Amino acid sequence: MERIILIETSTALCSTALAENGTVISYKESSAAKAHASMTAVFIREMLEERGISLSDCDAVCVSMGPGSYTGLRVGVSTAKGLCFGSGKPLIAVGTLDTLVAQASCETDISDIRFIVPMIDARRMEVYSAVFTPDGKQITDTAPAIIDESSFSEYLEQGPVLFIGDGAGKCDVVIRHPNARFQQCWPKASSMLSPAVEAYKEKRFEDVAYFEP
């Protein structure tokens with residue numbers, strides 16, 4: 001039975017989750033200003049106390065590796081590293097875009113979706129994104145993109161495309177293709193579960209000393 005602490009601080013939402021044997025058993029979140037720095041460690045302590053366990057009872061710590069707000073990511077990574085250094089537990093890193101794809105599968109009917117495009121908001125009409133298949137396979141590199149009316153047209157011509165993330169909302173008024181679907185949301189720690197468990201089982205751990213978001 002694996003027990004994993006999940007930390008997601010890449011956007012305006014600060015969230016943590018505790019997963020046990022492939023199921024999220026506790027979840028905390030806040031979108032308040034500066035919550036990342038003030039609440040991340042507090043949330044983790046509260047989750048452990050509520051379950052009557054300690055850090056030593058956990059098997060790994062998983063943190064978002066970005067893309068996203070570098071300030072938020074650094075808070076999450078610093079917290080995760082501190083937990084791992086202090087306990088000797090392994091560190092897992094999950095990409096923010098992978099989290100959003102997993103979130104789409106959990107929160108949205110994607111039965112007719114041909115591609116999923118997770119988007120992290122950047123300046124003006126720029127987003128960080130990549131193209132995924134509905135089963136979570138990434139088929140393009142993660143890269144910044146300036147959105148205009150022709151963006152992702154080659155995928156939209158093939159069928160319905162779900163644009164998801166905190167960058168999806170501003171694209172709704174620009175990408176007008178009938179196959180475009182939009183879901184404005186923040187990535188959540190609870191949605192890191194599937195890629196985190198996969199990484200844990202495959203022992204894809206990060207170097208705690210040298211890992212950076």
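**Close-up 1. Cys 106 and Cys 185, and the count of disulfides.** This predicted model comes out with zero disulfides. Why no bond between Cys 106 and Cys 185? A disulfide needs two cysteine sulfurs within 2.5 Å, and the sulfur of Cys 106 has its closest cysteine sulfur, that of Cys 185, 11 Å away, so that's too far for a bond. Looking from the other end, Cys 185 finds its closest cysteine sulfur in Cys 106, again at 11 Å. Their surroundings are worth a look too: Cys 106 is exposed, at 65% relative accessible area, whereas Cys 185 is buried, at 15%.

**Close-up 2. Phe 115 against Tyr 155, an edge-to-face pair.** The count of aromatic pairs comes to four. In this one, the ring centres of Phe 115 and Tyr 155 sit 5.1 Å apart with the planes at 75°, and because of that angle the pair is edge-to-face. The pair ties together distant parts of the chain, 40 residues apart: Phe 115 belongs to strand β6 (residues 115-121) and Tyr 155 to helix α4 (residues 153-156). Are these two rings buried or exposed? Phe 115 is buried, with a relative accessible area of 7%, and Tyr 155 counts as buried as well, at 14%.

**Close-up 3. Tyr 200 with Phe 205, a tilted pair.** Here the rings of Tyr 200 and Phe 205 are 6.0 Å apart centre to centre, with 55° between their planes, which makes a tilted pair. Phe 205 counts as partly exposed, at 33% relative accessibility.

**Close-up 4. A cluster of Phe rings.** Phe 152, Phe 163 and Phe 182 come together as one aromatic cluster. Phe 163 also turns up in strand β9, where it stands opposite Val 117.

**Close-up 5. Strand β6 and its partners, β9 and β7.** How many of the residues in β6 are buried? Six of its seven, so β6 is mostly covered. With strand β9 (residues 161-165), β6 pairs in the parallel sense, over four bridges. Strand β7 (residues 126-129) runs antiparallel to β6, and three bridges join the two. Across that pairing, Ile 120 stands opposite Tyr 128 in β7. As a reminder for reading such a view, side chains in a regular strand alternate between the two faces of the sheet.

**Close-up 6. The turn between β6 and β7.** The hairpin of β6 and β7 has four residues between its strands. Which residue there takes a positive phi? That's Arg 124, with phi near 45°.

Notes. Residues numbered from 1 in each chain as written. Predicted model: local features only at pLDDT ≥ 70, side-chain atom pairs only at ≥ 80, totals over all residues. Heavy atoms only, no water. Buried < 20%, exposed > 50% of the residue type's maximum accessible area, 1.4 Å probe, protein only. Phe/Tyr/Trp six-rings, centres within 6.5 Å; stacked < 30°, edge-to-face > 60°. Pairing = 2+ DSSP bridges.
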